[in-house]
Amino acid sequence: MKEVNALRLRNHLGEIIEELNATGEPVLISKARKIRAVLITPDQYARRFLDYQSEEKNPVRHCRPEDGPYRCGG
């Protein structure tokens with residue numbers, strides 16, 4: 001995974017986005033030598049987060065008997 005600092009990202013955003021789309025490799029964004037964010041493609045976002053959010057909207061799917069009826073929508 002490539003890592004860029006916030007200043008380089010600010011100065012070369014177009015270049016970094018083009019490289020991201022070409023390689024599909026997430027880009028780690030650092031500030032003050034710590035990773036603060038990750039830049040990913042829209043497809044990666046949809047696969048990882050939108051699908052996860054749609055599963056969260058159906059809590060019954062994730063219920064366990066020990067959760068009890070109040071946490072499982074029953």
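Biologist: Is E15 buried or exposed?
Modeller: E15 counts as partly exposed, at 47% relative accessibility; buried means under 20% relative accessible area, exposed over 50%, and partly exposed in between, with a 1.4 Å probe and protein chains only. This is a predicted model, where local features need pLDDT of at least 70, side-chain atom pairs count only at pLDDT 80 or more, and totals for chains, interfaces and linings use all residues. Residues are numbered from 1 along each chain as its sequence is written, and side-chain values use heavy atoms, with hydrogens and water left out.

Biologist: Which side chain meets that of E15 in a salt bridge?
Modeller: That of R8, at 3.6 Å from N to O; a salt bridge is a side-chain nitrogen of Lys or Arg within 4 Å of a carboxyl oxygen of Asp or Glu. R8 is partly exposed too, with a relative accessible area of 31%.

Biologist: How many salt bridges does the structure hold?
Modeller: It holds 2. E19 and K2 also form one, at 2.9 Å from N to O. E19 lies in helix α2 (residues 13-23) and K2 in strand β1, so this pair ties together parts that are 17 residues apart in sequence. Helices (H or I, at least four residues) and strands (E, at least two) are DSSP runs, numbered from the N terminus.

Biologist: Now the sheet: in what order do the strands lie?
Modeller: The order is β1-β2-β3, in an open sheet of 3 strands with mixed pairing; two strands pair if DSSP finds at least two bridges between them. β1 (2-5) and β3 (34-39) are the edge strands.

Biologist: How many bridges join β2 to β3?
Modeller: There are 5, and the two strands run antiparallel. Among the bridge partners, S30 is matched with I35 in β3.
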